[in-house]
Amino acid sequence: MRIRYDDAIVRKFIFASVAFGIVGMLVGAIAALQLAFPHANAAPYLTFGRLRPLHTNAVIFAFVGNMAFAGIYYSTQRLLKTRLASDTLSAIHFWGWQLIIVAAAITLPLGITQGKEYAELEWPIDIAIAVIWVVFAVNFFWTIAKRREKHLYVAIWFYIATILAIAMLHIVNALAVPVSITKSYSVFAGVQDALVQWWYGHNAVAFFLTTPILGIMYYYLPKAAERPVYSYRLSIIHFWSLVFIYIWAGPHHLLYTALPDWAQTLGMIFSVMLWAPSWGGMLNGLLTLRGAWDKLRTDPVLKFFAAGVTFYGMATFEGPLLSIKSVSGLAHYTDWIVAHVHGGGLGWNGFMAAGMFYWLVPRLYGTELKSRSLANFHFWIGTLGILLYVGSMWVSGITQGLMWRAENEGGGLLYASFVETLQAIVPMYWMRLVGGSLYLAGFVLMAWNLIATARQGKPVDGEVEVPVDVPVDRKTQFKLLVSPQVWLSLLGLGLVISAGFVGPAQAIVLLSLGAFVLLFSLLLFSVSKSSSEKTWHAKLERSAAPFTILTAIAVIIGGVAEILPTVVAAPEAVRATTNVPYSPLELEGRDVYVSEGCYNCHSQMIRPFVWETARYGAVSTPDESIFDRPFQWGSKRTGPDLARVGGRYNDVWHYQHMLDPRQISAGSNMPAYPHLAEQVIDFTKTPDKLRVMRSLGVPYSPEEIATSTEDAKREAERIARGLESSLGIRVCDAPAEGCDLMVDSKLVALISYLQRLGRVPDRNAAPAAAAEQVDAPTAEVEANEAAAPAEGAEAAADVDEGEVAR
């Protein structure tokens with residue numbers, strides 16, 4: 001029987017990936033320019049806070065996503081010796097994914113976002129993602145079911161893990177209750193939201209940017225090198241240890257935060273454990289090139305693959321290093337993390353994509369690559385771009401970490417003004433832009449090369465002779481699931497999970513026993529043999545259903561063990577809290593803060609370090625963010641922490657700072673937000689937001705919800721009229737010529753939210769007392785206002801970079 005592969009869908013995904021990759025990198029270059037040159041924030045919808053999520057979503061889901069789908073569809077058909085199960089499902093997958101990307105490109109610049117890193121898209125798009133992912137999964141597993149090659153090659157294992165893990169991660173992290181078609185609130189809040197978000201965020205890197213590309217490495221690298229995989233047994237250890245360990249490592253993004261210590265320690269331990277499987281995979285890839293290293297001199301495909309795998313090794317060495325608490329204390333919130341992310345993104349994902357494209361496109365069009373010399377030039381210009389980018393961000397990040405903690409002879413902060421650190425690293429921001437632009441130029445050259453290659457050939461679909469049918473042994477599949485190896489694995493997992501519910505000493509014992517049992521069962525997986533002299537794992541590789549079930553268990557167990565304890569404890573924490581929910585206007589202001597992407601540059605989490613408490617105030621507690629949906633602890637400080645900015649500056653300071661940050665803080669790279677003074681909030685929709693919050697456990701009373709519109713208007717009127725009295729500006733209730741500030745503007749609501757941060761107001765206080773509490777400037781503010789203008793910008797020692805980021 002002769003079948004023809006569906007390579008048309010592969011061609012579509014390849015060129016979609018190339019196109020969106022260039023767009024995503026261009027947006028990244030613009031964002032990099034905005035950090036070095038803030039006047040590049042040229043329009044309200046194109047500020048850094050709105051472009052940065054667009055950049056990350058475009059590069060991750062549009063560029064790498066389309067590339068992964070192309071690589072998976074091409075290799076899967078050939079490894080299983082069958083055509084994709086459904087041309088219709090393939091078409092729905094392709095066009096549905098591109099529509100999702102377009103929807104993201106429209107909504108994110110408009111400020112329609114959930115404010116969760118790498119998961120910003122609002123609930124209608126989240127549902128669309130889930131639907132299209134199910135379409136992909138059905139098509140993939142249906143293809144496995146009708147395969148003509150019984151054995152499942154290692155690349156297929158990684159594809160299975162990708163599909164299962166991403167479905168779980170996306171569905172759990174995207175759980176939200178809609179307020180409207182463009183607004184929703186997460187079912188998780190505060191500590192729980194932080195843990196779920198970084199469980200998702202870390203494992204989106206693991207299972208969207210790593211496992212599918214590892215599958216691609218295991219197929220395309222041996223093909224290009226014309227050599228077998230170095231060690232098949234090593235690939236078994238690589239796969240199972242990676243998919244099990246990776247899912248536990250998310251909490252290392254939250255070290256020294258208000259996350260419980262047990263979760264932080266667990267995340268750090270599993271992150272350090274990742275060194276072994278990650279480097280095992282890297283070595284397996286590089287050693288596959290043994291006997292073919294001479295080809296690297298002339299073959300651009302092997303150049304990209306070899307460098308890509310090397311960057312994978314570098315990134316997976318640096319990741320566990322950064323998860324060690326002492327290193328994280330220096331690196332977290334700095335540009336070192338940016339260097340780490342882009343070393344993996346540009347070097348691993350980008351170079352593996354380029355190598356795959358240069359190998360695939362000539363075969364898909366039945367011709368030779370148009371220009372090998374241009375592809376080689378692309379490699380060198382791309383490598384130079386990565387080195388400039390990553391090197392500059394390493395220097396910038398370490399500089400930030402050291403300057404933030406530097407002390408003078410008296411024990412005080414040596415660089416009290418946050419903007420001093422920013423000014424020191426501006427040259428590195430320009431260097432980053434140069435490196436990123438070189439890398440982008442290389443991809444533009446690649447696009448021309450691939451298009452020229454396609455134009456000189458014609459589309460060709462692969463064909464193969466296959467047996468008519470491949471019988472499936474159902475009894476063997478059942479025996480595999482109830483074998484001793486599986487029971488031992490479940491026992492080891494149970495011991496590891498139990499460690500999260502006991503004291504430190506017992507936890508160490510249980511973790512040690514669990515690790516020993518798991519290692520022993522892994523040994524049995526790979527070496528135990530039946531009478532037919534096939535290892536247990538060799539038989540598992542011929543049984544898709546048991547393999548998928550065991551992969552699902554390995555992926556699910558870590559998430560359940562980490563997330564469930566904090567979710568179970570959440571209702572009791574809400575009952576015991578001394579915090580109070582945001583007022584209607586504060587809640588509206590918080591939504592403005594999220595919409596403008598302020599979390600991209602500001603944290604709201606003060607860690608237990610002397611230099612942080614000296615700069616920002618008391619250490620943050622879990623109770624302070626208990627009503628925060630989404631949490632706003634942040635992951636980067638381009639500007640200072642805002643956890644306790646409330647009351648530190650008066651409303652006038654905030655108003656002037658938002659209109660022109662550099663007037664208040666010379667040297668700031670924050671965008672100006674004068675448009676927020678004109679854009680108004682529809683307070684008639686505020687009760688709907690409070691209603692949804694109440695359904696999620698926030699203790700708003702029915703009376704508070706009923707009066708929320710009037711309460712918000714009253715508070716906005718007080719703030720706006722106070723600014724009018726202090727500054728002599730024209731404040732309006734309705735749009736009018738010459739109006740400086742609308743009463744119901746987003747800026748007024750934002751000021752209300754900023755003044756709340758780090759403070760728990762008495763909602764039962766009289767209105768006059770409450771107004772005094774918010775309006776009265778602190779002694780520090782009075783000192784700043786009394787200083788000479790040139791000194792005033794420098795005197796704003798703690799929050800001079802800006803209360804609101806881009």
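Ala, Val, Leu, Ile, Met, Phe, Trp, Tyr, Cys and Pro count here as nonpolar, Asp, Glu, Lys and Arg as charged, and the others, Gly among them, as polar. All views show a predicted model.

**View 1. Lining of the second largest cavity.** A search of the whole structure finds 10 cavities of 30 Å³ or more. The second largest has a volume of about 80 Å³. Its lining includes Gly115, Lys116 and Glu117, together with Gln197 and Trp198. Tyr599 also lines the cavity, as do Phe631, Gln632, Trp633, Gly634 and Ser635. By class, the lining has 4 nonpolar, 5 polar and 2 charged residues. The charged ones are Lys116 and Glu117. Gly115 and Gly634 belong with the polar residues.

**View 2. The cis peptide bond from Arg629 to Pro630.** Omega is near 0° at this bond. Pro630 sits in the loop between helix 22 (610-616) and helix 23 (651-659). Phe631, which lines the second largest cavity, also appears in this close-up.

**View 3. Helix 7 packed against helix 8.** Helix 7 spans residues 211-225, and helix 8 spans residues 232-246. Their axes lie 12 Å apart, at an angle of about 170°. Angles over 145 degrees count as roughly antiparallel, so helix 7 is roughly antiparallel to helix 8. Helix 7 makes the contact through Thr211, Leu214 and Tyr218. Helix 8 contributes Ser235, His238 and Leu242. The contact has 3 nonpolar, 3 polar and no charged residues.

**View 4. Glu226 in the loop between helix 7 and helix 8.** Glu226 has a positive phi of about 55°. This residue is not a glycine. The loop joins the two helices of View 3, whose packing angle is about 170°.

**View 5. The crossing of helix 1 and helix 13.** Helix 1 covers residues 8-36 and helix 13 covers residues 335-364. The two axes come within 11 Å and cross at roughly 140°. The helices are therefore oblique to each other. Helix 1 passes helix 13 in a left-handed crossing. Val10, Arg11, Ile14, Ser17 and Val18 represent helix 1 in the contact. They meet Phe357, Leu360, Val361 and Leu364 of helix 13. The contact residues divide into 7 nonpolar, 1 polar and 1 charged. Arg11 is the charged residue, and Ser17 the polar one.

**View 6. The contact of helix 14 with helix 15.** Helix 14 runs over residues 372-405, and helix 15 over residues 418-456. Their axes come within 8 Å and cross at roughly 165°. Helix 14 and helix 15 are therefore roughly antiparallel to each other. Helix 14 passes helix 15 in a left-handed crossing. Their contact has 26 nonpolar, 12 polar and 2 charged residues.

Note on methods: Residues are numbered from 1 along each chain as its sequence is written. This is a predicted model: local features need pLDDT of at least 70, side-chain atom pairs count only at pLDDT 80 or more; totals for chains, interfaces and linings use all residues. Side-chain values use heavy atoms; hydrogens and water are left out. Axes are lines fitted to C-alpha atoms, for helices over the stretch in contact, and angles run from 0 to 180 degrees between N-to-C directions. Helices (H or I, at least four residues) and strands (E, at least two) are DSSP runs, numbered from the N terminus. Angles under 35 degrees count as roughly parallel, over 145 as roughly antiparallel, 65 to 115 as roughly perpendicular and the rest as oblique. Contact means heavy atoms within 4.5 Å. A crossing is left-handed if the near helix is turned anticlockwise from the far one by less than a right angle, and right-handed if clockwise. On a 1 Å grid over the protein atoms alone, a cavity is a set of points where a 1.4 Å probe fits but cannot get out, and a pocket is an open set with protein on both sides within 12 Å along at least five of seven lines; lining residues have an atom within 4 Å of a point. Grid points are joined across faces, edges and corners, and a volume is the space filled by probe spheres set on the points.
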